[in-house]
Amino acid sequence: MDNIDLASEAVKAMANSYSPYSQFKVGAAILTEAGNIYSGCNVENISFGLTICAERNAIVQAVAAEGPGMKLKEVVVTNHNEEGVSGACSPCGACRQFMIEFSDQDTKVTYPGENGNVETTAEKLLPNSFRF
Ligand code: THU
């Protein structure tokens, strides 16, 4: 399983995006430590704050399938605007916090940047994250 498979799963998931308000489709695919792939799209709501991002959608699917021990090995995110063009877009703060919950220091995150894909880690996206 590699990045290319995850990227194509993210693109497939993006096709199911429910985004009538922003017209911005997002797809995410994750590889878990157990070796399984899950994907998700953004699901918007007329009460805007209830919108669920693609990354969180994919992660809750993984937990539902694998249980509370689910760990993220890799996350790939993609997007299309209303013209079907992909643009720079890094995971939002809520999704970074959500990813950190199931990540270790090696969990890779790939998202579209200004000059092609950016490959980073969950930890770099949210350094010094909240713990108690
Ligand atoms: N969105 C995601 O799915 N993931 C992110 O990390 C950033 C934003 C979605 C939420 C909303 O449906 C649309 O993008 C525009 O904000």
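A residue is taken as buried when its relative accessible area is under 20%, and as exposed when that value is over 50%. The structure examined here is a predicted model.

Helix α3 spans residues 93-101. Its buried residues are Cys-95, Arg-96, Met-99 and Ile-100. Viewed down the axis of α3, these buried residues fall within an arc of 140°, so they line one face of the helix. An α-helix has 3.6 residues a turn, so residues three or four places apart point the same way. The cover over the buried residues of α3 includes two helices, α2 (54-66) and α4 (122-125). It also includes the strands β3 (72-80) and β4 (108-113).

Ala-94 also lies in α3. Its relative accessible area is 41%, so Ala-94 is classed as partly exposed, the range between the buried and exposed cut-offs. Ala-94 and Cys-53 are 41 residues apart in sequence. Their C-alpha atoms are 8.8 Å apart in space.

The loop between α3 and β4 holds Asp-106. With a relative accessible area of 55%, Asp-106 is exposed. Asp-106 and Ala-122 are 16 residues apart along the chain, and their C-alpha atoms are separated by 7.9 Å.

The interior was examined next. In soluble globular proteins, nonpolar side chains tend to be buried together. The largest nonpolar core of the model has 20 residues. The members that touch the most other members are Ile-30, Ile-59, Met-70, Leu-72, Val-75, Met-99 and Val-109. Two or more residues of this core come from each of β1 (25-32), α2, β3, α3, β4 and α4. Helix α2 gives the largest share, four residues. Met-99 thus appears both among the buried residues of α3 and among the core members with the most contacts to other members.

Ile-30 was followed in more detail. Residues up to four places away in sequence were not counted. Beyond these, Ile-30 touches Leu-6, Asn-36, Ile-37, Tyr-38, Ala-58, Ile-59, Ala-62, Leu-72, Glu-74 and Val-75. Apart from the largest core lies another, of five residues. Its members include Leu-6, Ala-10, Leu-31 and Val-76.

The model also contains a ligand. The residues around the ligand are Ser-22, Phe-24, Val-26, Asn-42, Glu-44, Thr-51, Cys-53, Ala-54, Glu-55, Pro-91 and Cys-92. Polar contacts to ligand oxygen atoms involve both side chains and backbone. An N or O atom in the side chain of Glu-44 is 2.5 Å from a ligand oxygen. For Glu-55, a polar side-chain atom lies 2.7 Å from an oxygen atom of the ligand. At Cys-92 the polar atom belongs to the backbone, and its distance to a ligand oxygen is 3.0 Å. On its own, the ligand has 380 Å² of accessible area, and the protein covers 79% of this.

Backbone angles were also inspected. Gln-23 has a phi near 55°, a positive value in a residue other than glycine. Gln-23 sits in the loop between α1 (3-14) and β1. At 38% relative accessible area, Gln-23 is partly exposed. Asn-128 is not a glycine either, yet its phi is positive, at about 55°. Asn-128 belongs to the segment after α4. Its relative accessibility is 80%, so Asn-128 counts as exposed.

Methods: Residues are numbered from 1 along each chain as its sequence is written. This is a predicted model: local features need pLDDT of at least 70, side-chain atom pairs count only at pLDDT 80 or more; totals for chains, interfaces and linings use all residues. Side-chain values use heavy atoms; hydrogens and water are left out. Buried means under 20% relative accessible area, exposed over 50%, partly exposed in between (1.4 Å probe, protein chains only). The arc is that of the directions from the helix axis to the C-beta atoms. Contact means heavy atoms within 4.5 Å. A nonpolar core is a set of buried Ala, Val, Leu, Ile, Met, Phe, Trp, Tyr and Cys residues joined through side-chain atoms within 4.5 Å. A residue is near a molecule or strand if one of its heavy atoms lies within 4 Å of it. A polar contact is a pair of N or O atoms within 3.5 Å; within protein, one must be able to donate a hydrogen and the other to accept it, and residues adjacent in sequence count only if both atoms are side-chain atoms. Accessible areas come from the Shrake-Rupley method with a 1.4 Å probe; for residues, only the protein chains shown count as cover.
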